[in-house]
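I opened my notebook to keep a record of what I looked up, step by step. The entries follow the order in which I asked things.

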Amino acid sequence: MTVAGDTLAIRTGPARILARMVRAWRRSLQFRVVATTLVLGMLVLGLVGTYLYQQIGAGLVEDRRTLATAEALQLTKKVKVAFDRTDQAQDQQTLALFAQDIVQDVAGTERSRYVVLQRLVGNTATVVIPSVVSGEVGEGVIPEGLRRAVAEDAKNQQQQIVPVKLTGTADAVPSLIVGQQVTLPLAGGYGIYYVYPMERERDSLVVVGRTFLYGGLVLLLLIGAVAYVVTRLVVAPVRRAAEVAQRLASGTLTERMESRGEDDLASLATSFNAMAASLERQIGQLENLSRVQQRFVSDVSHELRTPLTTIRMAVDLIYDAREGFEPAMARSAELLRGELDRFEALLADLLEISRFDAGAAVLDVETTDMRRTVTKVVDATARLAEGKGSRVTVLDPGHPCEAAFDPRRVERVVRNLVVNAIEHGEGRPIEIKVERNESAVAVAVRDYGVGLRPGEAGLVFNRFWRADPARARTTGGTGLGLAIALEDARLHHGWLQAWGAPGEGSCFRLTIPRSVDRSIDSSPLPLNPRHPQVSAPLLVAQNGRGPTMAASESPSATPGMPRTDGLP
Amino acid sequence: MKGRVLVVDDDLALAEMLSIVLRQEGLEVSHVADGSTAVAAFRDARPDLVLLDVMLPGMDGMEVCRRIRAESGIPIVMLTARTDTVDVVVGLESGADDYVVKPFKPQELIARIRARLRRGDEPEPERLEIGDLVIDVAGHSVRRGSEVLSLTPLEFDLLVALARKPWQVFTREILLEQVWGYRHAGDTRLVNVHVQRLRSKIEHDPEHPQIVVTVRGVGYKAGPA
């Protein structure tokens, strides 16, 4: 278990670092610029360094070669002269001793070169002396190719660079070997080879390489630091702008950027501040407008209501005394009172709508069981339903349907839906369903009355909309009820939707998120009772946007509403 | 119904109409039109109830309410043309017992007034206990030990309603009906505001009430004695 865990940790470690790098790359402009600069700097420094290194190496070798070949020529001449003038070439033994002496002499004592005297390839003389070697090199260091080249060319020097392993040292040293023919008395053609180990050159190159490496690293860090500082100069104001913009967006309209100097960033700050000032001004104007509107509504409200109160009391007084009047007067008193009721209702609705329009409507949220609200509405409208002959049934889901909403407003919406259903239900049964899911609670009010014609489901929420302008207005609605209900739903970030078919009745559904900070995923109740999955185009009010046509609805867990026996 | 009502309203037509309606109910009515003279008129008239318009020249209705409340627990019913939450709550917090929104039906106003004046009619000797408080219903007094707590008549009625049935949870609607005399749905904020005011006077720690306990999602009940 532990082992497996450790492996996992090791595996996830680098992966996590990589993931972090990728995130930094995506999110930080500064990181991106610094990283790019570092990579490019590394590439350029590497190329330039390698090129310079090679040039220096070649130069060093060339210098050495020039010196070595000149020296070898001199020494060979000296050897030739020595062999030509010798009187010690009587026999093979003395010649060998002599050759040894000469080689030692030529090799010198400073150990900067080693000398090898070796019988040429293809020498057929009968007298043979063994190869002579000076210093810590073996006879075998002379490569076969060089030996052949020297044997074939009687006059010129031959040279080659090979790694030579000196006795007593661990590693091979690149060495220049210069070879030339000499002719020995008795023994014939021999090759004399000078081995020049380039230890010093090699050491110099190592030092140069190390210097390049360290210098390059320092330079790279410097480039990185410069890139960091430069991008910081640019990115910091941009970040500040982003922060300020964020605060502006969250409502701190007085927030401004600091603007200094005359450069590009200063002009960014100036433009930004100009934009913020313009925003602040416009929002201020809008707020002012809204305040003026609210004030106006409030004043109208007060100015109209006081005289209306007096009229109301006077009318009620007259109405109560109507039995003593002659019939025409009595009927007038009745009409006066009825119309005054209508006038009052209209005024109340108009004022309510203007409150929404002015943005003055506020939610007074309380956690409430939707079933309670519905029961309350049904109790309050029982007499109206009785009068119309409609039986109202509430299908209790059997569990609480709690949500945070403004009970006064939601009650008003539900009352509106129920009263509408009763008034347009033509005395047929009315069914109210309540349900909840993870995100929302819903109330659906279904009637089996005249229903809605195609396209009307989107119009019912319009102010003062009437299904049939020619139809006799038997009911006393103000024409604003559903518009207010829609505004109330919108204030809750909820949905209010309608479905209907001619002759089949209609269904109005209110869906409200369970808490203020949630959004609705799907409504717990179907809107279209015939096709719970695929619903007709419907009117959606959500998140403060205007009414939009929604083409589909997510599948609902509850089955469609069953048709009742009372249906024609 | 008997009693004296002081109408404070700058609209003369409304004031006159109010007088007509209230006199029909057998009440004595006096009238003052200016906010700045309202408090003086209140001291002269010694009414049993004040009908107070919110918008007044001279002195704001809220301020008049606050001043009257400072010297008397007498029932005050506000007349308001605004239903905005803020206006209503500010009105209630300045000490009003109830409010009526214009335009109101005369029966509605009379029901409100009747509920506020009714209290004098039922002087049955009764002693109630709630928490560590002792209520003398006939004597209109509430004591904690030897200390007498000063409540307005409305707060007293609210406390008595809860204390009479300590086992029962009262919804706001029921309290509106029993204490304020609403026959139909009323504004439950009335109950909230007055429960807060009552708690600030009788609870040891109004933040953690022991005597008037909230039953979440339902209403209020009396705490264990």
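**Entry 1: the cores**

Which residues have the most contacts inside the largest nonpolar core? I noted before answering that this is a predicted model, so each entry below describes a prediction. The largest nonpolar core has 62 residues, and I found that those with the most contacts inside it are B:V8, B:V50, B:L51, B:L52, B:M78, B:L159 and B:L162. I then looked up which element gives the most to this core, and the answer was helix α6 of chain B, residues 153-164, with 7 residues. The core also draws at least three residues from each of two domains of chain B, domain 1 (4-120) and domain 2 (124-222).

I picked B:M78 for a second look, leaving out residues up to four places away in sequence, and found that it touches B:L52, B:V54, B:G61, B:C65, B:G91, B:A96 and B:Y99. Apart from the core that I had looked at lies another core, which has 46 residues and includes A:C401, A:V413, A:L417 and A:L510. I wrote beside this a general remark, that nonpolar side chains tend to be buried together in soluble globular proteins.

**Entry 2: the two chains**

I next set down the contents of each chain. In chain A I found 11 helices and 14 strands, and buried residues make up 28% of its 568 residues. In chain B I found 8 helices and 12 strands, and buried residues make up 40% of its 225 residues.

I also looked up how far along the sequence the contacts reach. Among contacts in chain A between residues at least 6 apart in sequence, 68% join residues at least 24 apart. For chain B, residues 24 or more positions apart account for 53% of the contacts with a separation of 6 or more.

**Entry 3: where the chains touch**

How many residues does the contact take from each chain? I found 16 residues from chain B and 20 residues from chain A. On the side of chain B that touches chain A, the largest share comes from helix α1 of chain B (residues 12-24), which supplies 4 residues. I sorted the residues of that side of chain B by kind, and they divide into 10 nonpolar, 2 polar and 4 charged.

**Entry 4: helix α1 of chain B**

Since α1(B) had come up at the contact, I followed it along its length. It has 13 residues and reaches 18 Å from its first C-alpha to its last, close to the 18 Å expected at 1.5 Å a residue. The buried residues of α1(B) are B:L14, B:A15, B:L18 and B:L22. They lie on the same side of α1(B), because they cover an arc of only 95° around the axis. On the other side of α1(B), I found B:L12, B:R23 and B:Q24 exposed.

What covers the buried residues of α1(B)? The cover includes α6 (264-320) of chain A, together with β1 (4-8), β2 (28-32) and β3 (49-53) of chain B. After α1(B) comes B:G26, and its phi is positive, near 90°.

**Entry 5: helix α8 of chain A**

I then turned to helix α8 of chain A, residues 370-380, where the buried residues are A:M370, A:R371, A:T373, A:V374 and A:V377. Seen down the axis of α8(A), these fall within an arc of 160°, so they line one face of the helix. Among the elements that cover them I listed β6 (366-369), α10 (407-424) and β10 (440-447) of chain A.

**Entry 6: backbone details in loops**

I copied a general reminder first: most residues other than glycine have a negative phi, and most peptide bonds are trans. The peptide bond from B:K102 to B:P103 is cis, with omega near -5°, and B:P103 lies in the loop between β5 (98-101) and α5 (106-117) of chain B.

A:H493 is not a glycine, although it has a positive phi of about 55°, and I found it in the loop between α11 (481-491) and β11 (495-501) of chain A. Is A:H493 buried or partly exposed? A:H493 is partly exposed, because 18 other C-beta atoms lie within 10 Å.

Note on methods. Residues numbered from 1 in each chain as written. Chains lettered and ligands numbered in written order. Predicted model: local features only at pLDDT ≥ 70, side-chain atom pairs only at ≥ 80, totals over all residues. Core = buried A, V, L, I, M, F, W, Y, C linked by C-beta atoms within 7 Å. Buried ≥ 20, exposed ≤ 12 C-beta atoms within 10 Å, placed from the backbone. Helix = DSSP H or I, 4+ residues; strand = E, 2+ residues; numbered from the N terminus. Domains from an automatic or database assignment. Contact = placed C-beta atoms within 7 Å. Nonpolar A, V, L, I, M, F, W, Y, C, P; charged D, E, K, R; others polar. Expected span 1.5 Å × (residues − 1). Arc of directions from axis to C-beta.
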